[in-house]
Amino acid sequence: MIGSSEQFLEKAIRSISTTDNKELYQIGNELSLHYFNRPCKIPIEWDKSLKNAAGCFQFDKRNHKPIRIVQSLWQYNQFGAQHVIGTLKHELAHYHLFIQEKPFHDADMEFKQTCRKIGAPLFALAMQEGYETSCSVCGESTGLEKKEKKKLASRCCKQPLDFGEYVLILPDGSRIEVIK
């Protein structure tokens with residue numbers, strides 16, 4: 001392990017191993033110690049199937065026990081390590097407020113204040129994905145569609161849509177073509 005937590009986190013921002021959860025947990029625990037002065041005592045794991053969220057804090061509602069923090073591997077591959085650090089800070093805010101029996105949900109004011117205090121994002125990066133579509137008659141762009149549907153018609157000419165490339169549109173407006 002590298003000497004100081006700043007050096008460790010600086011290295012982590014460049015690249016995080018996704019072959020196992022050990023390094024991800026180590027980064028999360030460093031963040032926990034740095035921002036909350038307490039270790040993280042639950043697993044922090046990659047989740048290959050998580051696409052609709054950057055991460056998730058899971059807990060048992062019945063027994064009021066924290067279970068784990070999961071980080072989207074897909075989001076890491078799209079946005080990089082810096083995004084993972086922000087997501088882990090957000091999920092650790094949920095975790096630490098939960099174990100202190102304080103309001104910990106996204107809508108709670110105490111949660112929002114904690115995120116602002118530690119520099120954690122309140123929301124994951126918003127992006128859009130789907131097939132670029134256009135009117136088959138006039139060529140006007142009609143937006144994105146998740147699936148190719150033959151019954152869809154354009155608003156302008158009431159004609160079938162042409163389906164183009166499948167793309168991701170990132171919050172900054174840049175487009176990434178996805179091979180499906």
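Is Glu45 buried, partly exposed or exposed? At 22% relative accessibility, Glu45 counts as partly exposed, where buried means under 20% relative accessible area, exposed means over 50%, and partly exposed is anything in between (1.4 Å probe, protein chains only). The model is a predicted one, in which local features need pLDDT of at least 70 and side-chain atom pairs count only at pLDDT 80 or more, while totals for chains, interfaces and linings use all residues. Residues are numbered from 1 along each chain as its sequence is written, and side-chain values use heavy atoms, with hydrogens and water left out.

Glu45 also turns up in a salt bridge, with Arg68 as its partner and 2.4 Å between the closest N and O atoms. The term stands for a side-chain nitrogen of Lys or Arg within 4 Å of a carboxyl oxygen of Asp or Glu. Since Arg68 lies in strand 3 (residues 65-72) and Glu45 in strand 1 (residues 44-47), the pair ties together parts that are 23 residues apart in sequence. Helices (H or I, at least four residues) and strands (E, at least two) are DSSP runs, numbered from the N terminus. Like its partner, Arg68 is partly exposed, with a relative accessibility of 24%. The rule gives a count of two salt bridges, and Lys102 with Glu110 is one of them, at 3.8 Å from N to O. Here Lys102 is partly exposed at 34% relative accessibility, and Glu110 is partly exposed at 30%. As a general point, side chains of opposite charge can pair when their charged atoms come close.

Next comes the sheet. Three strands make up an open sheet in the order 1-3-2, with mixed pairing; two strands pair if DSSP finds at least two bridges between them. Strand 1 and strand 2 (55-60) stand at the edges with a single partner strand each, so one side of each has no neighbour in the sheet. On average, neighbouring strands here are turned by 30 degrees against each other, direction ignored. For such angles, axes are lines fitted to C-alpha atoms, for helices over the stretch in contact, and values run from 0 to 180 degrees between N-to-C directions. Strand 1 and strand 3 run parallel and are joined by four bridges, and Trp46 has Gln71 in strand 3 as its bridge partner. Helix 2 packs on this sheet, touching strand 1 and strand 3, and its direction makes about 130 degrees with that of strand 1. Helix 4 packs on the sheet too, touching strand 1, strand 2 and strand 3, at about 170 degrees to the direction of strand 3. Contact in this sense means heavy atoms within 4.5 Å.

Both of these helices come back with helix 5 (residues 109-118), whose buried residues pack against helix 2 (22-36) and helix 4 (81-99). Which residues of helix 5 are buried? They are Phe111, Thr114, Cys115 and Ile118. These four cover an arc of only 100 degrees around the axis, which puts them on the same side of helix 5; the arc is taken from the directions from the helix axis to the C-beta atoms. In general, an α-helix has 3.6 residues a turn, so residues three or four places apart point the same way. The face turned away from the buried side carries the exposed residues Met109, Arg116 and Lys117. Just after helix 5, Gly119 takes a positive phi of about 75 degrees.

Strand 4 (residues 128-135) and strand 5 (residues 141-145) run antiparallel, joined by four bridges. They form a hairpin with five residues between them, and Gly139 in the turn has a positive phi of about 85 degrees. One of the bridge pairs matches Glu132 with Leu144 in strand 5.

Positive phi is not limited to glycines in this model. Asn37, in the loop between helix 2 and strand 1, has a positive phi of about 55 degrees and is exposed, at 66% relative accessibility. Glu101, in the loop between helix 4 and helix 5, has a positive phi near 60 degrees and is exposed at 65%. Most residues other than glycine have a negative phi.

Last come the cysteines. With a disulfide defined as a pair of cysteine sulfur atoms within 2.5 Å, the count is zero. The sulfur of Cys157 is 3.8 Å from the closest cysteine sulfur, in Cys135, which is too far for a bond. Cys157 is partly exposed, with a relative accessible area of 27%, whereas Cys40 is buried at 1% relative accessibility.
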